[in-house]
Amino acid sequence: MKRILTVQDISCLGKCSITIALPVISALGTECVILPTAVLSNHTLFKSFTVKDLSDQIEPICEKWLDEDVKFDGVYTGYLGTVEQIEMMKKLFDTFGKDGIVFVDPVMADNGRLYPAFDMEYAKKNTELCSHADIIVPNITEACFMTGMDYREEYDESYIRELLERLTKLGAGITVLTGVSLSEGKTGVMGYDREHDEFYIYQNDKVGAMFHGTGDLFSSTVIGEIMKGRDWKDAMRIAADYTAHTIQVTLDDPKKPWYGVDFEATIPYLINME
Ligand code: PXL
């Protein structure tokens, strides 16, 4: 069985980061080892939250795994807490990422703004981290913070291509922009594979709602599908369709939580996707 390591926070309540990655990656048939960066009462879009930083646990935990000679087929980082933790990830990639895929979701911003816990220094460090990855999946807001380009709500394909070109210079082999709408009523991804000099666009019907944690759902699905042996483009397509389907199912639930999506209801659908 394939085994990946995911490094993100545990938000006890809120359906994001590890509480999405662990069930989704497991359902797709890959062992998901977790390295929690912090424990939060809930994610940071609630009106308040507690946070216990776990940075001092990262090294001792990794040392135990080294004693056990554990190997990973991939390392997937998501929401990290501090610039110091981002620094630690570079070493962690050297130690545990060299036999597999390093997948970085530079979670830090959406809708034109940084998340409450972050500042420009964090954004800069997160950008550096992306240059150590094989695959990166920023949304448009994150890409703007990473490249210095202006954030736009309305754009055309040339704007997205320019963002992709600038992001590609950071160094990852595969760069994928998420939340890309190239025509009315559509949304999806646009990616670039440097080795094959190949662009990929996938657009599905836009569901008229935004929910928290959907980026984590998308990324967990992508890495889970890649671990199944799926080509990166198929993995992106499946993840985009699955995320859209889950948003729709959540909207149809009269008792939906405001803070996240009902991915629990759609896991059976996911595992049968082609
Ligand atoms: O879904 C991204 C995410 C993960 N973890 C925490 C967050 C967020 C986004 O706000 O606050 C703690």
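Two strands count as paired if DSSP finds at least two bridges between them. Keep that in mind for the sheet, where this tour of a predicted model starts.

**Stop 1: the sheet**

Show the strands. You are looking at an open sheet of 9 strands with mixed pairing. Read across it in the order β3-β2-β1-β4-β5-β8-β9-β10-β11. Now colour residues 51-53, which form β3, and residues 198-205, which form β11. These two strands stand at the edges, and each has a single partner strand, so one side of each has no neighbour in the sheet.

**Stop 2: the β3 edge**

Select β2, residues 31-42. β2 and β3 run antiparallel and are joined by 3 bridges. To pick out one bridge, select Ala 38: the partner of Ala 38 in β3 is Asp 53.

Add helix α2, residues 55-67. The helix lies across β1 (3-13), β2 and β3. Its direction is at about 165 degrees to that of β2.

Then show helix α3, residues 83-96, which also packs on the sheet. Helix α3 touches β1, β2, β3, β4 (74-77) and β5 (101-104). With the direction of β4, that of α3 makes about 170 degrees.

**Stop 3: strand β4 and its partners**

Centre on β4. What pairs with β4, and in which sense? β1 pairs with β4 in the parallel sense, over 4 bridges. β5 and β4 also pair in the parallel sense, over 4 bridges. Select Tyr 76 to see both pairings through one residue: Tyr 76 is the bridge partner of Thr 6, and the partner of Tyr 76 in β5 is Phe 103.

Now turn on the side chains. In a regular strand, side chains alternate between the two faces of the sheet. Are the faces of β4 covered or open? Both are covered. Gly 74 and Tyr 76 are on one side, Val 75 and Thr 77 on the other, and all four are buried.

**Stop 4: Asp 105**

Step to the loop between β5 and β6 (109-110) and select Asp 105. Is Asp 105 buried or exposed? Its relative accessibility is 5%, and the cut-off for buried is under 20%, so Asp 105 counts as buried.

Show the residues in contact with Asp 105, leaving out neighbours within four places in sequence. They include Tyr 76 and Thr 77, two of the buried β4 residues from the last stop. Gly 78, Val 137, Glu 142, Gly 215, Asp 216 and Ser 219 complete the set. Glu 142 belongs to the span of helix α5 (residues 140-147). Gly 215, Asp 216 and Ser 219 fall within helix α7 (residues 214-227). For a distance, draw a line to Phe 199: the C-alpha atoms are 19 Å apart, across 94 residues of sequence.

**Stop 5: helices α5 and α6**

Select α5 with α6, residues 157-168. Their axes are 10 Å apart and make an angle of about 55 degrees. The two helices are therefore oblique to each other. Their crossing is left-handed.

Show the contact residues as sticks. From α5 come Ile 140, Ala 143, Cys 144, Met 146 and Thr 147. From α6 come Tyr 159, Ile 160, Leu 163, Arg 166 and Leu 167. By class, this contact holds 8 nonpolar residues, 1 polar and 1 charged.

**Stop 6: helices α7 and α8**

Select α7 with α8, residues 232-251. Here the axes are 8 Å apart, at about 145 degrees. The crossing is right-handed. Residues of α7 in the contact include Leu 217, Phe 218, Val 222 and Ile 226. Among those in α8 are Trp 232, Met 236, Ile 238, Tyr 242 and Ile 247. The contact divides into 12 nonpolar, 4 polar and 1 charged.

Stay on α8 and pick Leu 251. Leu 251 is partly exposed, at 30% relative accessible area. Beyond its neighbours within four places in sequence, Leu 251 is in contact with Val 207, Ala 209, Phe 211 and Lys 256. Val 207 is 44 residues away in sequence and 9.2 Å away, C-alpha to C-alpha.

**Stop 7: two positive phi values**

Most residues other than glycine have a negative phi. Select Lys 15, in the loop between β1 and α1 (18-27). Its phi is positive, about 50 degrees. Lys 15 is buried, at 14% relative accessible area.

Finish at Asn 111, in the loop between β6 and β7 (113-114). Asn 111 also has a positive phi, near 50 degrees. Its relative accessibility is 47%, and Asn 111 counts as partly exposed.

Notes
Residues are numbered from 1 along each chain as its sequence is written. This is a predicted model: local features need pLDDT of at least 70, side-chain atom pairs count only at pLDDT 80 or more; totals for chains, interfaces and linings use all residues. Side-chain values use heavy atoms; hydrogens and water are left out. Axes are lines fitted to C-alpha atoms, for helices over the stretch in contact, and angles run from 0 to 180 degrees between N-to-C directions. Angles under 35 degrees count as roughly parallel, over 145 as roughly antiparallel, 65 to 115 as roughly perpendicular and the rest as oblique. A crossing is left-handed if the near helix is turned anticlockwise from the far one by less than a right angle, and right-handed if clockwise. Contact means heavy atoms within 4.5 Å. Ala, Val, Leu, Ile, Met, Phe, Trp, Tyr, Cys and Pro count as nonpolar, Asp, Glu, Lys and Arg as charged, and the others, Gly among them, as polar. Buried means under 20% relative accessible area, exposed over 50%, partly exposed in between (1.4 Å probe, protein chains only).
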